[in-house]
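Here are my notes from a pass through this one, as numbered points. Have the viewer open while you read.

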Amino acid sequence: MPSLCRDCFAAFSNTRRCPTCGSPRVVSHDELNNLSIAHMDCDAFYASVEKRDNPTLEGKPVIIGGGRRGVVSTACYVARIRGVRSAMPMFQALKLCPDAVIIRPRMEAYVQVSREIRKMMEALTPDIEPLSLDEAFMDLTGTARLHGAPPAVMLARLVKRMHKELGITGSIGLSHNKFLAKVASDLDKPHGFSVIGKAETDAFLRDKPVRMIWGVGAAAQASLDKAGIRTFSDLLRWERTDLIARFGSMGDRLWHLARGQDQRRVSAHAPMKSISNETTFHEDTSDTDLLDGHLWRMAEKVSDRAKAKALAGRVVTLKLKRADHTLLSRRISLRDATQMADRIYRTARGLFDTLDDQGPYRLLGCGLSDLVPEEGADLSSDLLDPKAQQRSAAERATDKIRDRFGSDAILKGRALR
């Protein structure tokens, strides 16, 4: 069985340790040298950047997020062992991990590290499809002749280079399509390398839960549960036409994924369609002040991501989920595109104020879509809001101060609600 040392990159036949350097970090698989679709996922990315930049945090539980009424953006593995998870209310996370170090997100720092990782990926292949700042698909088909080594070796070199030059670890999933590559990258975190080959696909998936499918959230899982579908084996018992009749386009996708089939290509030029942020509350709420505070923080996150990508959007969307899981969604088209947190917030708050429904709500979300390049955004004046340009200039000035002195340098009062 082909094997690869992830430390010295020696290739050999299956053994538990590398015969060259003695490292136990060995990956072995019959199809190791024949697979070329990969998913790279950084390990606890935001928290890893913070620990890299502040060595005194090493070994401590670190949570990236807002105040006690905020939610967890991400947490290091020390905190995750205590039960802390992304999107968890901060007060609940602190009950589980009272000694945690809480750090507000520094998006500018994370964006910079993400750009450096992207450059490293581009040295391997032009076929890169980013999913977020900290993860991406790569297609290394046909690159073995260029690099003089199969994709598995180049991927091992990539994560070692990331660790050496940036102080960031990542986990690799290698397979024959995007779906399985992403599944594989979650199998051995952190700092892992997992392979799912063609020959083992059916056997691997058979007893796995369908929640493993990316995009199957709580609502989709509830619908599948009602149909008696909990594992891939359950899916295999359904006819394709019946799945489509029951679940629409998702049913067709489920039929193919149940068989390990995914024809999607790694698309380096797939345009970003929207930027959004949402949170599910630990307890349903109708508290307008609490909802307003969350809405502002979401608008800031959406704005930060738009600015980092040099994008602006013409459509603002508000999303709410009632206690009974029914959804409310409102959207409005702007006269010109925006990337400003103030304008996104005010527009979303205006949509919220038009609702007749009083809640309580279990989820709140805010988004920006119909994306365009940032050039020309937020330039026109608004006769109905003469102070809009003044607030926009103040926000730009605030961004510069935060870039220089950190995200906590300036905070709005509503961000503390």
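1. Keep in mind that this is a predicted model. I'll begin with helix α14: this helix has 13 residues and spans 18 Å from first C-alpha to last, close to the 18 Å expected at 1.5 Å a residue. Its buried residues are Ala 341, Asp 342, Ile 344, Tyr 345, Thr 347, Ala 348, Leu 351 and Phe 352. Note that Asp 342 and Thr 347 are on that buried list.

2. What does α14 (residues 341-353) pack on? It sits on a sheet, touching β13, β14 and β15, and its direction makes about 140 degrees with that of β14. The sheet is open and has four strands, in the order β12-β15-β13-β14, with antiparallel pairing. β12 (274-285) and β14 (327-338) are the edge strands with a single partner each, so one side of each has no neighbour in the sheet. From one strand to the next the twist averages 10 degrees.

3. Inside the sheet, β13 (residues 311-322) and β15 (residues 361-373) run antiparallel and are joined by 11 bridges. If you want a register check, Lys 321 is opposite Leu 363 of β15. Helix α13 (residues 288-308) also lies across this sheet, over β12, β13 and β15, at about 155 degrees to β12.

4. The loop between α13 and β13 holds Ala 310. This alanine has a positive phi of about 55 degrees, though it is not a glycine. Is Ala 310 buried or exposed? Neither quite: with 32% relative accessibility, Ala 310 counts as partly exposed.

5. Ala 44 is another non-glycine with positive phi, here about 45 degrees. You'll find Ala 44 in the loop between β4 (37-42) and α1 (45-53). Ala 44 is buried, at 6% relative accessible area.

6. On to the cores. The largest nonpolar core has 57 residues, and Met 40, Phe 45, Ile 63, Tyr 110, Ile 117, Met 162 and Phe 193 have the most contacts inside it. α6 gives the largest share, nine residues. Tyr 110 has contacts with Phe 45, Tyr 46, Val 49, Glu 50, Ile 64, Arg 104, Pro 105 and Leu 133, leaving aside residues up to four places away in sequence. There is also a second, separate core of 27 residues, including Met 298, Leu 311, Val 316 and Leu 334.

7. Helix α6 (residues 151-166) has 16 residues and reaches 22 Å end to end between C-alphas, close to the 22 Å expected at 1.5 Å a residue. Among its buried residues are Val 153, Met 154, Leu 155, Leu 158, Val 159, Met 162 and Leu 166. Gly 167, just after α6, takes a positive phi of about 70 degrees.

8. Val 62 lies in strand β5 (residues 62-65) and is buried, with a relative accessible area of 0%. Its C-alpha is separated by 4.8 Å from that of Val 101, 39 residues apart along the chain. Val 62 also touches Ala 47, Lys 51, Leu 57 and Ile 103, among others.

9. Two last spots to look at. A cis peptide bond links Lys 189 to Pro 190, with omega about -5 degrees, and Pro 190 is in the loop between α7 (178-185) and β11 (193-195). Further along, the axes of α11 (residues 240-247) and α12 (residues 249-258) come within 6 Å and cross at roughly 145 degrees; the crossing is right-handed. Among the residues making that contact are Phe 247 of α11 and Trp 255 of α12.

Technical notes:
Residues are numbered from 1 along each chain as its sequence is written. This is a predicted model: local features need pLDDT of at least 70, side-chain atom pairs count only at pLDDT 80 or more; totals for chains, interfaces and linings use all residues. Side-chain values use heavy atoms; hydrogens and water are left out. Helices (H or I, at least four residues) and strands (E, at least two) are DSSP runs, numbered from the N terminus. The expected span of a helix is 1.5 Å times one less than its number of residues. Buried means under 20% relative accessible area, exposed over 50%, partly exposed in between (1.4 Å probe, protein chains only). Two strands pair if DSSP finds at least two bridges between them. Axes are lines fitted to C-alpha atoms, for helices over the stretch in contact, and angles run from 0 to 180 degrees between N-to-C directions. Contact means heavy atoms within 4.5 Å. A nonpolar core is a set of buried Ala, Val, Leu, Ile, Met, Phe, Trp, Tyr and Cys residues joined through side-chain atoms within 4.5 Å. A crossing is left-handed if the near helix is turned anticlockwise from the far one by less than a right angle, and right-handed if clockwise.
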